[in-house]
Amino acid sequence: MQLENLTKEQFIRDFKDTLHQEQLIKVAKATPTEIFTALAGLIRKYYTNTWIERNHALSDNQEKIAYYFSIEFLPGRMLETNLLNLGILDLVKEGFAELDIDFREVVEAEHDMALGNGGLGRLAAAFMDSLATTGYPGFGNGLRYRYGLFKQRIVDGYQVELPDGWFGSTGNVWETRKDHDIVYVKLFGDVVLESNEDGRFVPTYKNAQVLRAVPYDVPQIGYKNGVINNLRLWDVEIPEEYELDYPTLDARRRVKDITAILYPDDSTIEGKELRLVQEYFMTSAGLQTIIKSYLKMGLPLKDIHEKVSVHINDTHPAVAPAEFMRLLLDEYGLSWEDAWNATVKTMSYTNHTILQEALEKWDQQLFKRVLPRVYQIILEIDNRYIAEMAGRGIAADVIERTRIVKDNQVHMANLAIIGGHSVNGVAKLHTELLKEDTLHDFYTIYPEKFNNKTNGIVQRRWTQIAAPELSAAIDDVIGDGWRNDIHELENLTTYLDDKEVLNQFYQVKKTAKQRLADYIQETTGVEVSTDAIFDVQVKRLHAYKRQLLNLLHIIKLYWDLKDNPDKDMVPRVFIFGAKAAPGYHFAKSVIKLINEVANLVNNDESLQGKLKVVFLENYRVSLAELIIPAADVSEQISLASKEASGTSNMKFMMTGAITLATLDGANIEIKDEVGDENVVIFGMDKDEVYEHYARHDYYSRAVYENNPVIRRVVDTFVNGTIPNAQSEGTEIYEALITHNDEYFLLEDFAAYVEAQEKIDALYRDHDKWARMSLANIAKSHKFTSDDTITEYAKEIWELKK
Ligand code: 26Q
């Protein structure tokens with residue numbers, strides 16, 4: 001299909017045909033869901049040939065391919081992106097207008113593909129888009145969860161979790177089941193090694209569970225370049241020949257459970273057997289297909305690293321080096337030396353956290369029971385590592401700290417680092433912290449493996465799709481070249497003092513704010529004015545991200561206004577969106593308190609509408625597309641050193657919000673791009689935080705006792721001011737005072753208040769604010785994931801276009 005030549009008239013004919021054939025219904029009678037399904041079906045027809053040709057071209061040309069292994073992919077909705085990238089978004093909109101179809105309604109009929117928790121999963125999806133857009137051969141490998149991240153409802157101020165049955169009535173319209181690529185994955189049982197006729201040890205499995213891994217492929221369409229890559233998601237089935245092993249419904253359900261749910265925990269690691277099974281299942285299935293398709297090229301297996309890279313996204317697929325060794329040794333008969341050489345050169349690993357305790361570890365006995373053969377191989381890797389390091393003269397304590405199997409646990413990060421050639425962090429500060437702290441021992445052993453790859457975002461989704469008015473304004477001022485080359489945004493700097501242009505962008509922001517205000521009114525009943533500052537914090541709820549610091553400041557403003565109703569302040573709307581892990585008690589209490597403070601302030605007429613608080617339920621990619629372009633202030637207030645990078649900070653910047661931030665993660669790089677005068681930075685930096693750790697000198701109760709403003713704010717949680725939150729209030733009070741305020745909220749509070757006052761002062765000068773906003777948009781091109789992925793492709797994976 002030559003889409004360049006597609007006309008609106010042809011599209012309308014094609015669309016009607018599809019709707020009639022697939023849905024047996026006429027346009028005028030069709031529901032948005034039926035129209036969505038038909039349109040998706042038509043788009044599939046449009047791109048199918050390109051997709052098939054791409055796969056053939058890659059194998060014909062024997063090109064090196066990178067495989068991005070990730071237990072999460074969080075693309076959100078795909079319809080608009082697919083249309084945009086195929087270059088037919090406007091044409092379809094026009095065609096629908098002619099057919100009297102409301103395009104927005106159709107877009108909203110698509111359920112978010114939410115197979116991820118947050119930043120890590122969204123980054124994986126961004127990389128898929130950018131790989132296709134830059135034209136690099138890069139495929140995704142993950143799991144096809146039947147339920148994505150839970151749907152959040154707020155009831156009486158509490159988070160309630162509901163299943164996210166995202167297949168709904170339409171199924172996943174973008175996927176294709178690939179039966180001819182089915183593979184089998186073995187788990188559990190006993191392994192005995194027997195020597196064969198040439199004296200090699202070969203494993204035989206007794207009582208192993210054999211599962212069928214079925215791939216479903218989701219196309220990843222490049223932006224207007226005719227490239228389509230593949231995101232492969234695995235589902236599990238019981239092979240026919242083993243059906244009798246599962247005589248009860250319960251037994252069958254336990255198998256289907258492997259791909260039923262995405263673990264909703266993005267921090268604490270529980271060491272659940274099912275999670276290990278998930279990780280191994282997708283890793284083994286992925287690696288098996290990779291080896292098979294490599295062998296079709298007729299090249300020697302020991303050189304597989306010349307045509308294949310496998311990327312390990314966080315430790316979740318970190319069993320990959322051991323499983324790859326198993327396949328090369330046991331299934332294909334390579335020598336240990338050849339297999340190890342190929343493995344290390346194939347594997348690379350990204351770390352997404354500095355928290356030592358967040359690095360995955362598995363109980364040795366559990367691991368051995370679930371993956372007996374892989375466990376043997378890990379022991380061998382560990383032994384050889386110890387011997388090699390001792391031979392290199394590495395100190396015994398360093399070896400002990402870096403080995404894979406110790407303290408009765410299998411340390412997955414250590415396996416990923418030892419079994420690969422590259423380790424990267426996701427922002428400059430984060431990578432420095434890995435080198436000097438979290439992974440310091442490894443850095444002394446393998447300095448050459450460490451490198452930084454600052455995260456990025458898919459600019460197309462956050463501008464052209466989420467912010468159409470902004471995009472039109474940019475076209476108007478600098479032409480539309482930026483849509484192909486985002487670096488052209490820099491040209492906006494010429495207009496920083498052009499009052500007319502500044503006003504145009506100011507109005508664009510208002511339009512987005514109005515859209516969000518309407519949504520807030522509809523969903524929460526709270527009325528907000530677009531003259532107010534829209535101050536937004538949207539991200540997973542975590543103590544280290546310090547949503548509670550934001551709330552402390554809101555309570556301070558509340559008391560200021562109660563004391564002095566005429567206080568001169570620009571009206572503020574504080575907007576939150578956040579899911580808490582279902583078992584994360586503290587995080588859930590913070591949600592409850594935000595909601596109760598919202599009730600308190602939104603219903604107090606004495607505040608004269610100067611202060612509003614809104615918690616929007618079920619934060620997800622599609623809601624982010626509504627919220628982020630409407631923000632004036634981007635809250636990035638994690639305790640310095642704790643947020644590896646952050647990526648929403650980049651999206652806010654690109655749509656003209658002013659970043660209010662600590663010097664953490666990528667905030668530092670945002671500040672460096674845009675200059676001190678165009679961000680508001682506050683609080684301790686990483687060195688100051690580390691000094692407190694070293695000196696053990698932080699005592700939150702002293703801050704509380706010596707600062708009357710803080711005392712009054714904190715007391716608010718326990719003195720009955722906030723109705724209906726007695727036990728949560730007490731819990732928060734205790735976290736701050738009794739348990740010594742682990743994330744230094746009280747220490748940073750004064751600086752935060754001052755920074756917020758600065759925001760208030762800056763906003764009063766519209767021109768100045770608009771200038772800062774435009775400067776942010778102009779400099780945001782630095783954070784395109786197209787460039788991030790280009791660095792991965794060149795420096796880690798060594799791919800060619
Ligand atoms: C691990 C074991 C068992 C169950 C769940 C997990 C798990 C799941 C998800 C652990 C961590 C995550 C997600 C982490 C995450 O999203 N990290 C964020 O990654 C972003 C992309 O690099 C960064 O921008 C953020 O700073 C980082 O917090």
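This dialogue goes through the domains, the ligand site and one tyrosine of a predicted model.

Colleague: Where should I start, and into which domains is the protein divided?

Modeller: Start with the assigned bounds. Domain 1 covers 62-77 + 112-455, and domain 2 covers 478-683 + 746-783. Each of the two is therefore written as a pair of sequence ranges.

Colleague: How many Å separate the centres of domain 1 and domain 2?

Modeller: Taken over C-alpha atoms, the centres of domain 1 and domain 2 are 36 Å apart. Domain 1 puts 37 residues into the contact, and domain 2 puts in 36 residues.

Colleague: What area is buried between domain 1 and domain 2?

Modeller: About 2900 Å² is buried between them, and carbon and sulfur atoms give 54% of that area.

Colleague: Now the ligand. How many residues surround the ligand, and which are the closest?

Modeller: A residue is taken as near if one of its heavy atoms lies within 4 Å. Here 20 residues surround the ligand, and the closest are Asp 265, His 352, Asn 455, Glu 643 and Gly 646.

Colleague: Where does the shell around the ligand come from?

Modeller: Domain 1 and domain 2 each supply at least three residues of the shell. Among the elements, helix 6 (residues 119-134) gives the largest share, three residues. By residue class, the shell holds seven nonpolar, seven polar and six charged residues.

Colleague: Which N or O atoms of the protein should I look at beside the ligand's oxygen atoms?

Modeller: For a polar contact, look for pairs of N or O atoms within 3.5 Å. In the side chain of Asn 455, an N or O atom is 2.9 Å from a ligand oxygen. A polar backbone atom of Leu 120 is also 2.9 Å from an oxygen atom of the ligand. For Tyr 544, a polar side-chain atom lies 3.3 Å from a ligand oxygen. Of the 620 Å² of accessible area that the ligand has on its own, the protein covers 91%.

Colleague: Last, where is the place of Tyr 584?

Modeller: Tyr 584 is in the loop between strand 21 (572-577) and helix 21 (585-602). Leaving out residues up to four places away in sequence, Tyr 584 touches Leu 541, His 542 and Ala 543.

Methods:
Residues are numbered from 1 along each chain as its sequence is written. This is a predicted model: local features need pLDDT of at least 70, side-chain atom pairs count only at pLDDT 80 or more; totals for chains, interfaces and linings use all residues. Side-chain values use heavy atoms; hydrogens and water are left out. A polar contact is a pair of N or O atoms within 3.5 Å; within protein, one must be able to donate a hydrogen and the other to accept it, and residues adjacent in sequence count only if both atoms are side-chain atoms. Accessible areas come from the Shrake-Rupley method with a 1.4 Å probe; for residues, only the protein chains shown count as cover. Helices (H or I, at least four residues) and strands (E, at least two) are DSSP runs, numbered from the N terminus. Ala, Val, Leu, Ile, Met, Phe, Trp, Tyr, Cys and Pro count as nonpolar, Asp, Glu, Lys and Arg as charged, and the others, Gly among them, as polar. Contact means heavy atoms within 4.5 Å. Buried area is the accessible area (1.4 Å probe) that two parts lose on being put together, summed over both.
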